[in-house]
Amino acid sequence: MLPLSGSRHIHRSIGVVCAALLLSACSSTADVGQKDDKSEPEVKATPTMSATVGLEFPLDAYEATQQERDAVERGQNTLVSQCMERFGFSYSPPQRPATKAANGPNSRIFGLVDPEEAAQYGYGSPGEPEPPAKTSKTLTQTEELALHGAPDLVPADIPKSQAEAEKKGGSKQKINGKAVPLGGCSREAFLKLYAPEPNAVDALYVFNLKSEAESKSREDSRVKAVNKRWSECMAKQGHTAVDPMDAREDLGIAEDALSSPAAITAAKADVACKQKVNLVGVYFAVQSAYQNRQINKNAETLNLAKQQLKDRLKLAASLSS
């Protein structure tokens, strides 16, 4: 259904106000004196930071929050059900459990940074596992056709916007005398929310910009320098690791031993070294600078994406009223 934004590095306390102030201080001048995308963006100030709870990045302002994504998904499910009803079917899409993000979506963007979590869980994650999503009943072949469209549909023939879909008038397949939408009800629901018109910004546009900024920041000389200092700090503690973002793998800690005594010992050293070299502060400043460069370069598209998100939320809200 709804494309979720998420990344392995991008899916104790710092307040939101504090985070906003730090963001402004360290990255508002990201493009000053920069003439191209090949040079490293300027960072005039690097804040001293040890936590990521409540952390906000420049591009976050253009992306839906988890609460908003959940609201849009509920709206999308409603649209799917309404479409299926046109063909005489009662259908309820599987419901995913609400995502828990008590510490904010960026709480582990730079890996493990909380000393309390490290001491208690090592490289494991706190909290109970999410219950599995409720599965829907087994669909008949005709219901599958209504939901997903013809199985042999050529991707190039699938409409890219709802306006295009309405112009084409549906597929050749019919149920109860009505043409099945190209791509089925699932595609129709997606288009109504994410691409009602041809000028719709790709649903993963902001996520892709974030991923690009992260990739570039990991090759930045300032990030490489702080990684080296972290690695040297770890070595003094008796641990061999090169990349803070792949610390568990570097340390050879198995998936079934994330909270073992050895893992906890290594995790505590990992977090302590990150604090000692101000890894969070450097990572945040540099990544924010790359994101601000992207905002300056793609302002028109980003503003359009922001407006379309508002429209999407408005439509989703109307479906639940």
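**Figure 1. His239 and its neighbours in the loop between α8 and α9 of this predicted model.** Let's start with the company that His239 keeps. Leaving aside residues up to four places away in sequence, His239 touches Met234, Leu251, Thr265, Ala266 and Ala269. The histidine is found in the loop that runs between α8 and α9 (247-251). Is His239 buried or exposed? At 15% relative accessibility, His239 falls under the 20% cut-off, so His239 counts as buried. Asp270 is 31 residues from His239 along the chain, and the C-alpha atoms of these two are separated by 8.9 Å.

**Figure 2. Helix α6 meets helix α12.** Here we look at α6 (residues 184-194) and α12 (residues 299-320), whose axes come within 8 Å and cross at roughly 125°. That angle lies between the roughly perpendicular range, 65 to 115 degrees, and the roughly antiparallel one, over 145. The two helices, α6 and α12, are therefore oblique to each other. Which residues make the contact? On the α6 side they are Lys192, Leu193 and Tyr194, and on the α12 side Arg312, Leu315 and Ala316. Sorted by class, the residues of this contact between α6 and α12 comprise four nonpolar and two charged, with no polar ones.

**Figure 3. The buried side of the story for α6.** Staying with α6, look for Gly184, Cys185, Glu188, Ala189, Leu191, Leu193 and Tyr194, which are its buried residues. A helix fact is handy when you look at such a list. An α-helix has 3.6 residues a turn, so residues three or four places apart point the same way. What do the buried residues of α6 pack against? Their partners are α2 (66-86), α4 (141-148), α5 (162-168) and α12.

**Figure 4. Glu144 in helix α4.** Now turn to α4, one of the helices that the buried residues of α6 pack against. Glu144 lies in α4 and, with 34% relative accessibility, counts as partly exposed. Cys185, one of the buried residues of α6, is 41 residues from Glu144 in sequence and 9.7 Å from Glu144 in space, C-alpha to C-alpha. With residues up to four places away in sequence set aside, Glu144 touches Leu139 and Gly149.

**Figure 5. Ala200 in the loop between α6 and α7.** Moving on from α6, we reach the loop that holds Ala200. Ala200 has a relative accessibility of 24% and therefore counts as partly exposed. Which residues does Ala200 touch, not counting residues up to four places away in sequence? They are Tyr194, Ala195 and Gln308. Of these, Tyr194 also takes part in the contact of α6 with α12. Leu304 is 104 residues from Ala200 along the chain, yet their C-alpha atoms are separated by 8.3 Å.

**Figure 6. The second largest cavity and its lining.** This view shows a cavity with a volume of about 60 Å³. Ten residues line the second largest cavity, and those closest to its centre are Phe110, Glu214, Arg218, Tyr283 and Gln287. Two elements, α7 (205-218) and α11 (279-297), give two or more residues each to this lining. Which element gives the most? That is α7, with three residues. By class, the lining has five nonpolar, three polar and two charged residues.

**Figure 7. Two asparagines with positive phi.** Asn176 is a residue other than glycine with a positive phi, near 55°. Asn176 sits in the loop between β1 (174-175) and β2 (178-179). Asn278 is not a glycine either, and its phi is positive too, at about 60°. You will find Asn278 in the loop between α10 (261-277) and α11. Where do they stand on exposure? Asn176, at 61% relative accessibility, counts as exposed, whereas Asn278, at 13%, counts as buried.

**Figure 8. Ala225 in helix α8.** Ala225 has its place in α8 (residues 221-236). With a relative accessible area of 34%, Ala225 is partly exposed. Leu279 is 54 residues from Ala225 in sequence, and 9.8 Å separates them in space, C-alpha to C-alpha.

**Figure 9. The whole chain, for orientation.** To place the close-ups, step back to the chain, which has twelve helices and two strands. Along the sequence, the pattern reads α-α-α-α-α-β-β-α-α-α-α-α-α-α. Of its 321 residues, 45% count as buried.

Note on methods: Residues numbered from 1 in each chain as written. Predicted model: local features only at pLDDT ≥ 70, side-chain atom pairs only at ≥ 80, totals over all residues. Heavy atoms only, no water. Axes fitted to C-alpha atoms, helices over the stretch in contact; angles between N-to-C directions. Helix = DSSP H or I, 4+ residues; strand = E, 2+ residues; numbered from the N terminus. Parallel < 35°, antiparallel > 145°, perpendicular 65-115°, else oblique. Contact = heavy atoms within 4.5 Å. Nonpolar A, V, L, I, M, F, W, Y, C, P; charged D, E, K, R; others polar. 1 Å grid on protein atoms, 1.4 Å probe; cavity = no way out; pocket = protein on both sides within 12 Å on 5 of 7 lines; lining within 4 Å. Points joined across faces, edges and corners; volume = space filled by probe spheres on them. Buried < 20%, exposed > 50% of the residue type's maximum accessible area, 1.4 Å probe, protein only.
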